[in-house]
Amino acid sequence: MTPFKSNIKPPAKRLVFIVSDGLRAETLYGSNYTKLSEMENIAPYLSSIVHNIGCWGTSHTRVPTESRPGHVALIAGIYEDPSAVAKGWKENPVDFDTVFNESRYTWSWGSPDILPMFTKVSGKHVFAQSYSAEEEDFSGKQSTALLDKWVFDHFKQFLFSTGKEKQLSEQIRSDKVIFFLHLLGMDTAGHTHKPYSEEHIHNLLVVDEGVKEINDLVNNFYKDNGTVFIFTSDHGMTDWGSHGAGSKFETETPFIAWGAGIKRSVNPVNINQADIAPLISTLIGIPIPVNSVGILPTETLHLSMHEISSAMYANAKQICAQFKGKQQRTKANSFRIWYYEFADLQRDKLNAFEGAIELTIHGKEYAQAIKLCRELIELSLRGLDYYQNYYQRLLLSCVVLSYVGWIVLLFLNLTDYPEKRRLFLSQENIQPNNSYGNKNINVPFAVSLVFTFLFTFLQSLPYMYYIYFATPQCIFWAVCHKFRRGYNRIKGEMRTRSVKLRVLLHGIVYLIGVEILVWCFFNRAIISIPMCIMAVWPSMKQNLSTGIKLWWCISCITLAVFPLMPVVGTNFDLSLITRAVLLWIACAIVSCFLPIFRKEKRYIWTTFVQIVLLIIVLCNLIFIDSTFGDKQGLARISQVISWLLLGISVVIPLFGSNRMQSRLVTIMLSFVIPFISLSVSYEPMFMLNLFLNLMAWLSIEMKYDRYYYIVRYGRPLRTTDPRSHVNFSDFRRAYLFLLYSILAFFGLGNIASLNSFDPMWVRCYLTVFSPFTMAALILFKTLIPYLAFSFIAMLLEHISYSWYKTPVHG
């Protein structure tokens, strides 16, 4: 696409663009944005800019509130696809235009995680200088403000050195120049010390002083009043030092602009983050990035109405060009009979808009021209969204059909060939299913697939669309083959009225239960309701001892407390972790004296080793907390111990007992060792209660189905009762599995929100920003609760369809 540039004379020759990473608006402006009573104490120079000469307000970001997409929105004017997270927010999945690329020259200083991604998409006129990645340390060993001081110092050195190089001196004195200063200190201070800490406020004072020095230095260097300054942030931060989701603290960032072309504002302005890109382009007279969706914030400009209307028209033509391009590509790749044009902005209406805008500008009706430009931009953005999501309904339909078909197929498989449900039945005794050879089903589905692939190919749709369109057809192909047999079997099972009524009642109960689980995604505290209800379930069983019933009831009620607690990640609580570790050690010691374990020497020895490792983990955590408290950072010996414990704990189960309960306890103790190292609050206590509850569940299921002995892995057993068909117990277990999944999901917070993660979780293993290593450790910690109940569910799957009395030896 052709870049669009306003034909007005740019008010500024150069831009000093300062982005303080992770600075939220509330931190700078105070709790009350309109009075700014707290700003004078923490940022006196920026406060003087706001009160005297600058335009200020709030820049609203979008989810995900991360550094990579935030800077892309600021510099390119686009809200990038979150798929960039797969590359650690460091690489460009798709190349895009930026204000750096459109500038004559750009010099930048800052983080090695941010600057390279813009130099790669720009030409040789963009220069970047970064500190080493090892300096991005969040252990507290050194002041986070040193990162920002590095940027300020190197910018000063750069300006002082220009007198020695004639070519460089000519370059920086030309127009359309951008100086980009990326300040990572506030983000690092927020992660390390939290936003309300003294260290965070001190870092803000350093930033404020640095901005003052840069302002004075640049103005004294050029002495032409041709410089414009913009100070903002890429994203905010929660109170516990995380970001990524869409809370107010994460999406509201400060915006302060002053200098050439900026109008002083008394009241705060509200702009979107992407609006800053066209603002920069207008101020220094460069084309707006071709991919930008930002709308020029006219309330910030100190220009004539004619200049503002011309700049808005350039902005409207730039966004309209994207709409036209997307419209033409969609139309060219679509069949005419299936093409539906965006009705609100057809060709005639678009031409009428452009003609009316030009006529009003020539007629000096600037206010009307600006209004028409905004309407055209709004319609173009709606149309752009329409064509970007042109196949959305079709794709969503395919997804819904795939899920529905998969559910039906699973249910039919549960009712088909009960002989296959026997655990150790040899394959030669299973009758093969030859129903897949039905030509009456295969031929129509084959024709349908060929037609679908041809439809996709002729429209030049992405390769992923082939999978979307083919998946529901393949699933329903299998459903059609199994439907008749499954329907007849279900019909045969539901002959009596009592069975039908029982099925209906169970269906209603489970439907209500599933709806409760759905609401947990909106309010995590709701998960406590089904946990409390399940606490009374064993009381309806006659063959269970009082001890097991009490064990289950107490563990369920205790687990129901955790979703009511604050999300993990607010503060590091060593005392709570210590109590949890001591309880784990106590439970491990008690287990060695239980009748079921005390005769197993392998279990006793492995448990002893794990108890020693738990003690080492606790001592290591206490030492790390002291070194962090003394601002000495992570000691090398502590880091080595943490990694060694992680490796050793994983292999310990290989040397443990083969008996079911023994192996379960050994595996859980092994997983909890690194889990404790990755904890900051009540997580180990949650895992202990979850494990005890799962063991109670396993005991109840085994007692209920008359399993009075321990089953060895892989040992063939004699079946005394060939009960292998699906029953109501299977649905109960399935619901409990789903309940535990949701509990693991929300028990410690919402893992669907990026702001639930805290970099301090991994402080025992590394303190330098390494996205893939950090993500792997955090994912490992997150999966441990899932692994716990998955092991129990796997065991129940292996033993739930037969009653065993004696093993077959040999």
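Two strands are counted as paired if DSSP finds at least two bridges between them. That criterion underlies much of this tour, which concerns a predicted model.

**The whole chain**

Begin with the entire protein on display. The protein holds 28 helices and 10 strands. Of its 810 residues, 53% are buried. Among contacts with a separation of 6 or more, 78% join residues 24 or more positions apart. The protein exposes about 37800 Å², and carbon and sulfur atoms supply 61% of that area.

**The sheet**

Next, select the strands of the open sheet, which number 8 and follow the order β4-β3-β5-β1-β6-β7-β2-β8, with mixed pairing. At its edges are β4 (126-130) and β8 (269-272), each of which pairs on one side only. From one strand to the next, the twist averages 20°. In general, the strands of a sheet pair through backbone hydrogen bonds, in either a parallel or an antiparallel sense.

**Strand β6 and its partners**

Now select residues 227-232, which form β6. How many of the residues of β6 are buried? The count is 6 of 6, and the strand is mostly covered. T227, F229 and F231 point one way from β6, whereas V228, I230 and T232 point the other way. This fits the general rule that side chains in a regular strand alternate between the two faces of the sheet.

Add β1 (14-20) to the selection. β1 and β6 run parallel and are joined by 6 bridges. One pair to display is F17 with I230, its bridge partner in β6.

Then add β7 (residues 252-259). β6 and β7 run antiparallel, with 5 bridges between them. Here F229 stands opposite W258 in β7.

**From β7 to β2**

Keep β7 selected and add β2 (residues 55-60). These two strands pair in the antiparallel sense over 6 bridges. To locate the pairing, select H60 and its bridge partner in β7, E252.

**The helix across the strands**

Select residues 67-76, helix α4. Across which strands does helix α4 lie? The helix lies across β1, β5 (177-183) and β6, and runs at about 165° to β1.

**A buried glutamate**

Move to E136, in the loop between β4 and α7 (145-161). Is E136 buried or exposed? Its relative accessible area is 3%, and the residue therefore counts as buried, the cut-off being under 20%. Display its surroundings: beyond neighbours within four places in sequence, E136 is in contact with S111, P112, D113, Y131, L184, T767, V768 and F769. One of these, L184, is 48 residues from E136 along the chain, with 8.4 Å between the two C-alpha atoms.

**The nonpolar patch**

Finish at the surface by selecting V514, V518, W519, F521, F522 and L738. Together these residues form a nonpolar patch with about 610 Å² of accessible area. Which helix gives the most to the patch? Helix α19 (residues 497-519) does, with 3 residues.

Within the patch, centre the view on F521, which lies in the loop between α19 and α20 (528-534). F521 counts as partly exposed because its relative accessibility is 47%, and that class runs between the cut-offs of 20% and 50%.

Definitions and conventions. Residues numbered from 1 in each chain as written. Predicted model: local features only at pLDDT ≥ 70, side-chain atom pairs only at ≥ 80, totals over all residues. Heavy atoms only, no water. Helix = DSSP H or I, 4+ residues; strand = E, 2+ residues; numbered from the N terminus. Buried < 20%, exposed > 50% of the residue type's maximum accessible area, 1.4 Å probe, protein only. Contact = heavy atoms within 4.5 Å. Areas by Shrake-Rupley, 256 points an atom, 1.4 Å probe, with all protein chains shown as cover. Patch = residues over 30% accessible without salt bridge, like charges linked within 9 Å, V, L, I, M, F, W, Y side chains within 5 Å. Salt bridge = Lys/Arg side-chain N within 4 Å of Asp/Glu carboxyl O. Axes fitted to C-alpha atoms, helices over the stretch in contact; angles between N-to-C directions.
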